[in-house]
Amino acid sequence: MAPEIQLRPYTREHASILASYALDEVYCAHEGWPYPSDPARILAWAEHLADSPSDDLIRLMASVGDVPVGYVDFQRDDAGVRELGYAIAPSRLWGQGLGTAAARAALDYGFVDMQLNRIWAEAVEANAASVRVLERSGMTFVRYGDDARCLDSRRAATVHRMRPTTRR
């Protein structure tokens, strides 16, 4: 059974949670962050994100019960269109269905609460788990995008551009 994810507005109280991700070597590698990252620098960025919210980026914390397990983002594209991003952390939580549950909750939130017309996402082909999350959440492959790097590989990886198969 898939875990139930609750999405909550991102606040300053969540900044220290995001900063703690800087101490997770596997997470940092997947995000392209140096390891060890500077938690104080990440904390300042995370606090700024909470203190100065932008219409261009909506961040929601993903939780199972009261336990934060990551976040989802909606980045502005065009009117009624947003790019979906997500992260599950710490990395010890990976492989438990939380990414798919978070992506599904985000799609529901985007279409119902935000009344978006379209949500799209990208996943680097080399990050097969992320591609599977998007497919399992109901998104379908549309086309290859620009080259991107994943896990500091010397060879650029191709990006999958995804979109929902149906409006929820």
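Which elements each supply at least two residues of the lining of the second largest pocket? Helix H3 (39-51) and strand E2 do, and the views below, all drawn from a predicted model, come back to that pocket after a look at the whole chain.

**View 1. The whole chain holds five helices and seven strands.**
Before zooming in, it helps to have the layout at hand. Starting at the N terminus, the elements follow the order β-α-α-α-β-β-β-α-β-α-β-β. The chain has 168 residues, and 38% of them are buried. Among contacts with a separation of 6 or more, 57% join residues 24 or more positions apart.

**View 2. Helix H4 covers residues 98-113.**
From first C-alpha to last, the 16 residues of H4 reach 21 Å, close to the 22 Å expected at 1.5 Å a residue. Many alanines appear in the list of its buried residues: Ala-101, Ala-102, Ala-103, Ala-105 and Ala-106 are included. Leu-98, Gly-99, Thr-100, Leu-107, Gly-110 and Phe-111 are buried as well. After the helix comes Gln-115, which has a positive phi, near 55 degrees.

**View 3. The largest nonpolar core has 25 residues.**
Ile-5, Phe-74, Leu-84 and Ile-119 are the members that touch the most others. At least two residues of this core come from each of strand E2 (57-64), strand E3 (67-78), strand E4 (81-88), H4, strand E5 (118-124) and helix H5 (128-136). H4 makes the biggest contribution, eight residues. Another core lies apart from this one; it has 12 residues, among them Tyr-21, Ala-46, Ala-50 and Met-61. As background, nonpolar side chains in soluble globular proteins tend to be buried together.

**View 4. Leu-84 is one of the core residues that touch the most other members.**
Zoom in on Leu-84 and set aside its neighbours within four places in sequence. Its contacts then include Val-72, Asp-73 and Phe-74. Leu-84 also meets Ala-103, Ala-106 and Leu-107, three residues that are buried in H4. Ile-119, Trp-120 and Ala-121 complete the list.

**View 5. The largest pocket has a volume of about 1300 Å³.**
Its lining counts 46 residues, and Glu-31, Tyr-86, Ala-87, Asn-127 and Ser-130 are the closest to its centre. By type, the lining splits into 25 nonpolar, 11 polar and 10 charged residues. Helix H2 (25-31), E2, E3, E4, H4, E5 and H5 each provide at least two lining residues. With six residues, E4 gives the most.

**View 6. Ser-130 sits in helix H5.**
This serine is among the residues closest to the centre of the largest pocket. Is Ser-130 buried or exposed? It counts as buried, because its relative accessibility is 12% and the cut-off for buried is under 20%. Leaving out residues up to four places away in sequence, Ser-130 touches Tyr-86 and Ala-123. Tyr-86 is also in the group closest to the pocket centre.

**View 7. The second largest pocket encloses about 160 Å³ of space.**
Here we return to the opening question. Pro-9, Tyr-10, Leu-49, Ala-50, Pro-53, Ser-54, Leu-57, Ile-58 and Arg-59 line this pocket. E2 supplies the largest share, three residues. The lining residues comprise seven nonpolar, one polar and one charged. Ala-50 links two views, as this lining residue also belongs to the core of 12 residues.

Technical notes: Residues are numbered from 1 along each chain as its sequence is written. This is a predicted model: local features need pLDDT of at least 70, side-chain atom pairs count only at pLDDT 80 or more; totals for chains, interfaces and linings use all residues. Side-chain values use heavy atoms; hydrogens and water are left out. Helices (H or I, at least four residues) and strands (E, at least two) are DSSP runs, numbered from the N terminus. The expected span of a helix is 1.5 Å times one less than its number of residues. Buried means under 20% relative accessible area, exposed over 50%, partly exposed in between (1.4 Å probe, protein chains only). A nonpolar core is a set of buried Ala, Val, Leu, Ile, Met, Phe, Trp, Tyr and Cys residues joined through side-chain atoms within 4.5 Å. Contact means heavy atoms within 4.5 Å. On a 1 Å grid over the protein atoms alone, a cavity is a set of points where a 1.4 Å probe fits but cannot get out, and a pocket is an open set with protein on both sides within 12 Å along at least five of seven lines; lining residues have an atom within 4 Å of a point. Grid points are joined across faces, edges and corners, and a volume is the space filled by probe spheres set on the points. Ala, Val, Leu, Ile, Met, Phe, Trp, Tyr, Cys and Pro count as nonpolar, Asp, Glu, Lys and Arg as charged, and the others, Gly among them, as polar.
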